[in-house]
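Reader: I have a chain on the screen and would like to go through it with you. May I put some short questions as we go?
Author: Please do.

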Amino acid sequence: TPVDSGISAQIIPASYVSDQPPLGLRYSLLLSRDNEAYREVEAGSTFRSGDRLKITVESNDEAYLYVIARGSSGLWKVLFPVSEVASGDNLIQPFRRYEVPNGGRFYFDDQAAEEKLFLVLSRKPEKNFEDLIYSVTAPPAAAPAEGVKPASVPSAPRPTKTFQVAGLIRPIDDALVGKVRSELVARDLVFEKVDDSKPGPTQQKETAVYVVNKNAGPDGKVLVDLKLEHK
């Protein structure tokens, strides 16, 4: 069974109003069939045994990315972050394309099944996943310099996050994924599929999906549910 199979896309964004720009995510599926070169395909494609698949993800802002996959066991496995990319740091940079799985691909075997991908892009670390993926050490509190008023003291540095050894990361169950979904408000979403018949924002033809949470503030998130259909 592949790490994924069956496709439909549902995005559930948080809704906040602030001066921050909207939080946006672009994702696309890359397919290799019969050992051909990888090419973008529509999210609603039907896959068959022997197909190889990757997903690319790109954000319009600095944000934390999580990608997990549901296997035939019913448990979810972390595909991103990985220790090979930025030593496991999942704070991704804007307008940089990330490929998942890093250095690998999904492979569809002879057993058809409906397995899923779940993507979370968040301006703040998603605690429900962070506690499973990382060992976190809080940075020492910095004392204000002499004569410096507290209001002018710079914000505290990010906690030190140590990526867990992959084998020690606890599996994620449906209840935890459901909890992450339930904490968000399903509105204020701009969702656009771009296909080969019309150019995307870069004026180049493409097959991709753009998701924007137009009211995403400092706590803003975008979620994507993917089901990859394997027949």
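Reader: To begin, how many cavities of 30 Å³ or more does the structure hold?
Author: This is a predicted model, and the structure holds one cavity of 30 Å³ or more.

Reader: How much space lies in the largest cavity?
Author: The space in the largest cavity is about 70 Å³.

Reader: Which residues line the largest cavity nearest its centre?
Author: Twelve residues form the lining, and those nearest the centre of the largest cavity are Glu42, Ala43, Thr207, Ala208 and Val209. The elements S1, strand S13 (189-194) and S14 each give two or more residues to that lining. The largest share, three residues, comes from S1.

Reader: Let us turn to confidence. What is the mean pLDDT of the chain?
Author: The mean pLDDT is 77, and 71% of the residues reach 70 or more.

Reader: Which elements have the lowest and the highest mean pLDDT?
Author: Among the elements of the chain, strand S11 (residues 134-137) has the lowest mean, 68, and strand S7 (residues 91-92) has the highest, 94.

Reader: And where does pLDDT stay under 50?
Author: It stays under 50 over residues 1-17. For this stretch the model has 95 contacts beyond four places in sequence.

Reader: How many helices and strands does the chain have?
Author: There are two helices and 16 strands in the chain. Of its 231 residues, 43% count as buried.

Reader: What share of the contacts comes from residues 24 or more positions apart?
Author: Taking the contacts with a separation of 6 or more, 78% are between residues 24 or more positions apart.

Reader: What about the exposed surface of the chain?
Author: About 12,000 Å² is exposed, and carbon and sulfur atoms supply 50% of that area.

Reader: Now the interior. Which residues have the most contacts inside the largest nonpolar core?
Author: Ile55 and Leu117 do, in a core of 34 residues. At least two residues of this core come from each of strand S1 (23-32), strand S4 (52-59), strand S5 (63-70), strand S6 (76-80), strand S8 (98-100), strand S10 (116-122), strand S14 (208-213) and strand S15 (221-227). S1 gives the largest share of this core, five residues. Another core, of 19 residues, lies apart from it and includes Tyr64, Phe129, Ile133 and Leu176.

Reader: Is there a general tendency behind such cores, and what is it?
Author: In soluble globular proteins, nonpolar side chains tend to be buried together.

Reader: I have Leu119 selected. Is Leu119 buried or exposed?
Author: Leu119 counts as buried, because its relative accessibility is 0% and the cut-off for buried is under 20%. Leu119 is found in strand S10.

Reader: Which residues is Leu119 in contact with, leaving aside its neighbours within four places in sequence?
Author: Its contacts are with Ile55, Val57, Tyr66, Val67, Val222, Leu223, Val224 and Leu226. As for Phe80, 39 residues away along the chain, its C-alpha atom is separated from that of Leu119 by 9.2 Å.

Reader: Speaking of Phe80, what kind of peptide bond joins Phe80 and Pro81?
Author: Phe80 and Pro81 are joined by a cis peptide bond, with omega about 15 degrees. Pro81 is in the loop between S6 and S7. The bond from Val100 to Pro101 is also cis, and its omega is near -5 degrees. Pro101 has its place in the loop between S8 and strand S9 (106-107).

Reader: Where is Ala86 found, and what is its phi?
Author: Ala86 is found in the loop between S6 and S7. Its phi is positive, about 50 degrees, although Ala86 is not a glycine. Ala86 is exposed, with a relative accessible area of 55%.

Reader: And what is the phi of Phe95?
Author: Phe95, a residue other than glycine, has a positive phi near 60 degrees. Phe95 lies in the loop between S7 and S8, and Phe95 counts as exposed because its relative accessibility is 61%, where exposed means over 50%.

Reader: One last residue: where does Gly44 lie?
Author: Gly44 lies in the loop between strand S2 (39-41) and strand S3 (46-47). With 52% relative accessibility, Gly44 counts as exposed. Gly44 and Lys227 are 183 residues apart in sequence, yet their C-alpha atoms are 8.7 Å apart in space.

Key. Residues are numbered from 1 along each chain as its sequence is written. This is a predicted model: local features need pLDDT of at least 70, side-chain atom pairs count only at pLDDT 80 or more; totals for chains, interfaces and linings use all residues. Side-chain values use heavy atoms; hydrogens and water are left out. Helices (H or I, at least four residues) and strands (E, at least two) are DSSP runs, numbered from the N terminus. Buried means under 20% relative accessible area, exposed over 50%, partly exposed in between (1.4 Å probe, protein chains only). A nonpolar core is a set of buried Ala, Val, Leu, Ile, Met, Phe, Trp, Tyr and Cys residues joined through side-chain atoms within 4.5 Å. pLDDT is the predictor's confidence in each residue, from 0 to 100. Contact means heavy atoms within 4.5 Å. Accessible areas come from the Shrake-Rupley method with a 1.4 Å probe; for residues, only the protein chains shown count as cover. On a 1 Å grid over the protein atoms alone, a cavity is a set of points where a 1.4 Å probe fits but cannot get out, and a pocket is an open set with protein on both sides within 12 Å along at least five of seven lines; lining residues have an atom within 4 Å of a point. Grid points are joined across faces, edges and corners, and a volume is the space filled by probe spheres set on the points.
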